[in-house]
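Please examine the sequence and the model shown here. The explanation below is meant to be read alongside them.

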Amino acid sequence: MKLAALAIGAISLWLLVAGFDKGMMMFGVSGKVLDLTMLAIELVIAVYLLWLGLKHKKYSVVILVVIQAALLLWFELVFGHTLVELPNNLFVDQFSIIMALIIGIIGSLICVYALGYMETFHEHHKEIADRRGMFFFVIFVFLSAMFGLVFSNNLLWVLFFWEITTLCSFLLIGYSQTAEATNNAFLALAMNMLGGVAFVVALIYLATLDPSGQLLELSTLLTSGYAVAIVPAVLICFAGLTKAAQMPFSSWLVGAMVAPTPVSALLHSSTMVKAGVYIIVRFAPVLTGTTEGLMIALVGGFTFLLTSCMAISVSNAKKVLAYSTIANLGLIVACAGVGTYNLMWVAILLIIFHAIAKSLLFLCVGTVEHRIGSRDIEDMGGLIERMPKMAVMMFIGMAGMFLAPFGMIISKWAAIEAFIQAPFGIIFIIILAFGGSATLFFWSKWMGKIISVMRHQENVEKTVPQDKWTVLWILTALVIIVALIFPLISSVLIEPYIMDIYGHTTRLAEANIIIMLLMLGLLMIMPFSMLFESKTPRIAPPYMGGRTTEGGMKFHGSLGMSRDLVLSNYYLRTYFGEEKLFMVGVLACWGIILIALVMVVGVVL
């Protein structure tokens, strides 16, 4: 297992060294037998899902499986004999290399972490059947499918790997086989299959335009012009919205938190949702300057704003991370939907920084939960004393999500500058301002909780296995290293990719880079200083409002009464309640999506 993970990471790095300066490289892997094999596997998956849907009485899944399978069979019967063998079914460029590094390095580290985690998981949950063999098999299939997706130039191949990721996420979310896990797994399956149906419709439309199938080549489609590409672009981007858990489809990713923590980390950082934003960013040049692109961008923008606000109202740590993920994916979608060259630069940077920081935070929360018996933020008070190293890692991970000079805040700053120059940019600037404020609120109160100092706290992190520490320290180092070298990442990988597409690109000024490096050095002083505790700490009795408290944190009130002193964060559920904001987002985003689909129908007619 560890050797396999190491090999995947090493090959990803080799690909970076071998191909970063080559531009787009095409590969002629083809063959009708291979295409038919992929179709056969998709139909086998459809039969399996049909059986499960009937068994569990999930009739929405049954209907979607039947529709998608019928469309695939019709496509093969009508167009199968007219399709020519495409000469370049695979390709590698700077963007696919970036995605491969995320999948290969982050995904492999999560796999290594999962070895120890799943052992502890089954020690804590003896009622759950131990199916670790299946668990790790599916994870490696998941990673393999992601590699296939980001290197495929044939949209039929992209669809095949797309559906494999849907199946893997379904199996992993439902791993525990409890009623809650099964329901949430089917919810994720239904929403992603809805996107899969739209994907197949896009392929049928392209085959109708050109029965030879030349337009099924992604590199050809992206340069075919608005009239040809906009309809499949919108349909495939709709599939991307479902897989990236954008509103109104965000509930599946929140429900996926029932899965073991390594699954959550995979879904949020290197697989599932990254496939969704990957395909939308691929189609960004087609969406540039179009009303359809603006509609997709608005879905992402509203998702960013509303889920950032929803994160304020929850104390479940994994749920906060889930809403944060959905929000940041929304910002990526907003950038890709507007699709200008500088917003494309922002979108790719966001993908990189988010993957590293979020994987670190999910794994940290999973480790903390096993040691303190809770994933509630309010129960993480004094974590700096109970698990000091873990608290430092979480602090750095959170800083990576919203503090300068880490990449997320740099990307948001660049997004504001880019939106100023874009059509209707003022809408997105307002969304960024309010959504960013909500982000500051929910991250700050969590950070404050973990570094609060409390009395009589026992250190419980000594029982964490070394394998977990190794993975967590590597991810922590990556958060810092990527912040240091992101100008190099930009100049070597992102800028050449954007230059090839748009003919010009975004560059950082040298002065800005120096300022960011200075800020990084200053910012690291606080978390690393936490590792050095005074040998003779001065402990003073608690004090509140002029009335001293007892050693047991009791407050002396009036009439001689003593009350417990309780410190808690504000969650403002009256204003930012999940249900209230979720319904607003569902209605708004469905309305925007329907407008975009009506516009697509108008283009077809």
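The paragraphs that follow take up the enclosed spaces, a pocket, the salt bridges and a surface patch in turn.

The coordinates belong to a predicted model, and every value given here is computed from them. A convenient place to begin is the space left inside the protein. Rolling a probe the size of a water molecule over the atoms shows where empty space is left. Across the whole structure, six cavities of 30 Å³ or more are found.

The largest cavity holds about 290 Å³ of space. It is lined by 22 residues, of which Asp35, Phe75, Glu76, Leu83 and Leu156 are the closest to its centre. Helix H2 (32–55), helix H3 (59–79) and helix H6 (155–173) each contribute at least two residues to this lining, and H2 provides the largest share, with six. The lining of the largest cavity is mixed in class, comprising 12 nonpolar, five polar and five charged residues.

The second largest cavity contains about 120 Å³ of space. Its lining consists of 13 residues, and those closest to the centre are Glu42, Ile45, Ala46, Gln68 and Glu163. Here too the elements that give two or more residues are H2, H3 and H6, with H2 giving the most, five residues. By class, the lining of the second largest cavity has nine nonpolar, two polar and two charged residues.

Attention now passes from the cavities to a pocket. The second largest pocket has a volume of about 460 Å³. Among its 18 lining residues, Leu16, Leu101, Val482, Ile485 and Ile489 are the closest to the centre. At least two lining residues come from each of helix H1 (2–19), helix H4 (94–124), helix H16 (341–372) and helix H21 (466–502). Of these, H21 gives the most, with eight residues. What classes of residue make up the lining of this pocket? The 18 residues are nonpolar, with no polar and no charged residue in the lining.

The charged side chains may be considered next. A search of the whole structure finds five salt bridges, three of which are described here. Glu378 and Lys449 meet in a salt bridge with an N to O distance of 3.1 Å. Because Glu378 lies in the loop between H16 and helix H17 (383–386) and Lys449 lies in helix H20, this pair ties together parts that are 71 residues apart in sequence. Glu378 has a relative accessibility of 22% and therefore counts as partly exposed, whereas Lys449, at 12%, counts as buried.

A further salt bridge joins Glu369 to Arg375, with the closest N and O atoms 3.2 Å apart. Glu369 is buried at a relative accessible area of 18%, while Arg375 is partly exposed at 23%. In the salt bridge between Asp130 and Arg132, the closest N and O atoms are 2.7 Å apart. Asp130 counts as partly exposed, with 44% relative accessibility, and Arg132 likewise counts as partly exposed, at 27%.

The surface completes the account. Phe424, Ile426, Ile427, Ile430 and Phe434 form a nonpolar surface patch, and together these residues have about 520 Å² of accessible area. One of them, Ile430, lies in helix H20 (residues 425–450). The relative accessible area of Ile430 is 44%, so this residue counts as partly exposed. Helix H20 is also the element that carries Lys449, the partner of Glu378.

Note on methods: Residues numbered from 1 in each chain as written. Predicted model: local features only at pLDDT ≥ 70, side-chain atom pairs only at ≥ 80, totals over all residues. Heavy atoms only, no water. Patch = residues over 30% accessible without salt bridge, like charges linked within 9 Å, V, L, I, M, F, W, Y side chains within 5 Å. Areas by Shrake-Rupley, 256 points an atom, 1.4 Å probe, with all protein chains shown as cover. Salt bridge = Lys/Arg side-chain N within 4 Å of Asp/Glu carboxyl O. Helix = DSSP H or I, 4+ residues; strand = E, 2+ residues; numbered from the N terminus. Buried < 20%, exposed > 50% of the residue type's maximum accessible area, 1.4 Å probe, protein only. 1 Å grid on protein atoms, 1.4 Å probe; cavity = no way out; pocket = protein on both sides within 12 Å on 5 of 7 lines; lining within 4 Å. Points joined across faces, edges and corners; volume = space filled by probe spheres on them. Nonpolar A, V, L, I, M, F, W, Y, C, P; charged D, E, K, R; others polar.
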